[in-house]
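Grab a coffee and keep the viewer open. Try each exercise yourself before you read the worked solution under it.

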Amino acid sequence: MNRVAVLLVVGLIGSTTVQAQSPGWVLWERTVDSQSKAGGPSTATRDVYAPQDGYESVAECQDSVRRLISQLETTEPVFLKTMEVTAQVVVSLDRKSIGTIYPTDASGISKIRQRLFLCLPGTLDPRPKSN
C-alpha cells in the first residue's frame, strides 16, 4: 500500500509541475504598423506577435485585456503628448484593440499603429512560421 501512495503523490506532483510550466491561456499582443499615401491602399510595414502573460482560464485572460485597454486608453494620449506627437487614439468597439492614427506628414503619408490583444490556448502560437 505504501508504494501505491508514494507513486500517487509523485504522479500528482509531476502533473502540477507540468501545469505550472504551460499556462492554459496566453495573452498575445499583435502590433501592426501600416502606412498609406493619400487615397492609396494601406501597406503593413511591421506585423509582430509577442506573448504577454499566461493565465489559468480564458476569463482571467479576457479580464486582463479589458484592464490593459482601459489603461492604454488613458496613458497612450498622455505619452504621445509628452513626446510632442499629435495623434488620435482609437479603441475598437469590441475593446480588444487600440489604434494610434498619426497625421499625414509633409510627403502625404499617413501612419497607423494597431495593437490587438488575443487570448489563445497555451498550445497555440500565432506567429508566422519562417521557412
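The exercises below work through a predicted model, one topic at a time.

**Exercise 1. Work out which parts of the chain you can trust, and which element scores lowest.**

Step 1: Begin with the overall score. The mean pLDDT of the chain is 83, and 82% of the residues reach at least 70.

Step 2: Now go element by element. Strand β1 (residues 25–37) has the highest confidence, with a mean of 95, while helix α1 (residues 2–21) has the lowest, with a mean of 42.

Step 3: Zoom in on the weak part. Residues 4–20 have a pLDDT below 50, and beyond near neighbours in sequence this stretch makes zero contacts in the model.

**Exercise 2. Write down the order of helices and strands, then describe the chain as a whole.**

Step 1: Count the elements: two helices and five strands.

Step 2: Put them in sequence order, and you get α-β-β-α-β-β-β.

Step 3: Look at how the contacts are spread. Take the contacts with a separation of 6 or more: 55% of them are between residues 24 or more positions apart.

Step 4: Check burial and surface. Of the 131 residues in the chain, 21% are buried. The accessible surface is about 9,300 Å², and carbon and sulfur atoms account for 58% of that area.

**Exercise 3. Find the disulfide, and say which hand it has and where its two cysteines sit.**

Step 1: Search the whole structure. One disulfide turns up, and it joins C61 to C119 with an S to S distance of 2.2 Å. That passes the cut-off, which asks for sulfur atoms within 2.5 Å.

Step 2: Place the partners. C61 belongs to helix α2 (residues 58–82) and C119 to strand β5 (residues 109–121), so to speak a link between distant parts of the chain, 58 residues apart.

Step 3: Get the hand. The disulfide is left-handed, because the torsion about the S-S bond of C61 and C119 is about -95°.

Step 4: Buried or exposed? Both C61 and C119 are buried.

**Exercise 4. Track down the salt bridges that link strand β1 with strand β5, and classify the residues in them by exposure.**

Step 1: Recall the principle. Side chains of opposite charge can pair when their charged atoms come close. This structure holds eight salt bridges.

Step 2: Take E29 and R115. Their side chains form a salt bridge at 2.7 Å, N to O. E29 is in strand β1 and R115 in strand β5, so this pair ties together parts 86 residues apart in sequence. E29 counts as buried because its relative accessible area is 11%, and the cut-off for buried is under 20%.

Step 3: Take R113 and D33. Their closest N and O atoms are 2.6 Å apart. R113 is in strand β5 and D33 in strand β1, so here the parts tied together are 80 residues apart in sequence. D33 is buried at 13% relative accessible area, whereas R113 is partly exposed at 29%.

Step 4: For contrast, look at a pair further along. D125 and R127 form a salt bridge, with 2.7 Å between the closest N and O atoms. D125 is partly exposed at 33%, and R127 is partly exposed at 37%.

Step 5: Look for shared partners. Salt bridges of this kind join E29, E76 and R115 into one network.

**Exercise 5. Identify the residues that make the nonpolar surface patch.**

Step 1: List the members: F79, M83 and V85 make a patch of about 280 Å².

Step 2: Look at F79 in particular. F79 is in helix α2, and its relative accessible area of 46% makes it partly exposed.

**Exercise 6. Examine the positive phi values of E84 and R95, and say where each residue lies.**

Step 1: Start with E84. Its phi is about 60°, a positive value although E84 is not a glycine. E84 lies in the loop between α2 and β3 (88–91) and is exposed, at 74% relative accessible area.

Step 2: Turn to R95. Phi of R95 is also positive, near 60°, and this residue is not a glycine. R95 lies in the loop between β3 and β4 (97–102) and is partly exposed, at 32%.

Methods: Residues are numbered from 1 along each chain as its sequence is written. Side-chain values use heavy atoms; hydrogens and water are left out. pLDDT is the predictor's confidence in each residue, from 0 to 100. Helices (H or I, at least four residues) and strands (E, at least two) are DSSP runs, numbered from the N terminus. Contact means heavy atoms within 4.5 Å. Buried means under 20% relative accessible area, exposed over 50%, partly exposed in between (1.4 Å probe, protein chains only). Patches are made of residues with over 30% relative accessible area and no salt bridge: like charges are joined within 9 Å, nonpolar side chains (Val, Leu, Ile, Met, Phe, Trp, Tyr) within 5 Å. Accessible areas come from the Shrake-Rupley method with a 1.4 Å probe; for residues, only the protein chains shown count as cover. A salt bridge is a side-chain nitrogen of Lys or Arg within 4 Å of a carboxyl oxygen of Asp or Glu.
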